[in-house]
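User: Could you take a close look at the largest cavity in this model and walk me through what surrounds it? I'd like one connected answer.

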Amino acid sequence: MARARFCDSKPLLDLHAKVDEQWAPLRTWANACGPVDRRQPNLEAEESGVTVGKKETESRWAGRLSAQSNESIIMGFHEESILCPAANINGCVEEPALLFPPGLQGLHSLQALVPSLLRHEVQMALEKLDLIWDRTFAWDVFIDMMRTQTRYSFPSADLPWQFTDATRAILVDWIIQVHELMHFQEETLYLGIHLLNRSMRQIKVATANLQLLGMVCLFLAAKKEECLLPEVTGLCSLMDHTYTKHQLLRMERKVLTSLKFDLSFCPPLHFLLLFASIARSSAMMVWMSHYLLELSLLEGQCVVFLPSQLAGAALCLARRVLQEPPTPEGEAAWCLVSTLHVGSETTLLRIMDILASAAATAHTRDNCATFIKFSSVETMHVSRHPGLKNTPCLLGRCT
């Protein structure tokens, strides 16, 4: 701790004193995806060709999801979509960008239904989450998210020799505290940690300057995601003036040059909220999966996984922890979400095992910023859920 020049003499946050305080609600999309529906379609303003195609597509739906059997999830779906699973919808040819789980490989009728159904659900979810302004481009946005996410993972979890996973975990925990203190958007945190992971592998940084690197990465993420930015001198004060303003700005130029000014990133939080919306997840389920997903930021071995894999594993583990009573509509919606999990079942189980171990010991760790952050009233006390203590047993890892 002292070697890394962390602020021992002047602690940034007294986390234990804030457990019972009334924190301000986190400004996340999870708070914004409540019952408020901002969709106000104006069919009269649309072009005639697009309107006709849209009506033809919507006429194929007989109602909401209803689980009747494994092979007939949706009743009343138009026969034409079964004959052509990659149908031409609104003039756009659907591309096979999804991988189906092994259990669904033999269900030919289900595979024929999924593409068009999935397109509709993705459009509705993205519009509900305010991620798009026009539903026309919703599917294209989703396809781009799925394609480009491979750029955001790392081939190996190994760090340079001067860093360890414990040192990285301490730094990430401190960044979470700064992020919470500054009331930044949740996307800023995920982007900042992603920039830190890239910078630690591309820049030669001494251990004494590791805290400065973390602050610069969070500052760059805020420049991309936030409307209001803190003063540079204020950031230096958060580091107990260990570094000067000139050192911070020089490190910022160094990071931007090494990253070639590429700050693009689609965080796993976007996939999580998208999956949760399609799966008709409850508020408790969203917060629990969000907590598990943020725990993955502290785990260095999670950098090798895709954002969609982390989101899918977090949501699946949250379902096992909460064990909410199943409903026909919920089970049918979850069956549809399962088609979005890119990767093998072994990969998902491996991620769930990592998250389960982290959640079971989160309350006993020194790096407990995430645990306390999600123990407030606004987050429904999900980090204190009794089911998290036995999470490894839910995966058959009892010792």
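Analyst: One definition before the lining: a residue counts as lining a cavity if it has an atom within 4 Å of a point of that cavity, and helices are DSSP runs numbered from the N terminus. Keep in mind that this is a predicted model.

Counting cavities of 30 Å³ or more, you get five. The largest of them holds about 210 Å³ of space. It has 18 lining residues, and those closest to its centre are N197, F265, L297, V303 and L310. As for character, the lining splits into 12 nonpolar residues, four polar and two charged.

Where does the lining come from? Two helices, α7 (186–202) and α13 (307–322), each put in at least two residues. The biggest giver is α7, with four residues.

Now follow α13 away from the cavity, since it has a partner worth a look. It packs against α15 (residues 345–360) at an angle of about 65°, and the two axes sit 9 Å apart. The crossing is right-handed. On the α13 side, the contact uses Q309, L310, A313, A314, C316, L317 and R320. Facing them from α15 are T347, L348, L349, I351, M352, L355 and A356. Sorted by class, that contact comes to 11 nonpolar residues, two polar and one charged. L310 is the link in this story: it is among the residues closest to the cavity centre, and it also meets α15 as part of α13.

Stepping back to charged pairs, the structure has nine salt bridges. One of them joins the side chains of E180 and K373, at 4.0 Å from N to O. E180 belongs to helix α6 (residues 165–182) and K373 to helix α16 (residues 369–373), so this pair ties together parts that are 193 residues apart in sequence.

Key:
Residues numbered from 1 in each chain as written. Predicted model: local features only at pLDDT ≥ 70, side-chain atom pairs only at ≥ 80, totals over all residues. Heavy atoms only, no water. 1 Å grid on protein atoms, 1.4 Å probe; cavity = no way out; pocket = protein on both sides within 12 Å on 5 of 7 lines; lining within 4 Å. Points joined across faces, edges and corners; volume = space filled by probe spheres on them. Nonpolar A, V, L, I, M, F, W, Y, C, P; charged D, E, K, R; others polar. Axes fitted to C-alpha atoms, helices over the stretch in contact; angles between N-to-C directions. Left-handed = near helix turned anticlockwise from the far one by under 90°. Contact = heavy atoms within 4.5 Å.
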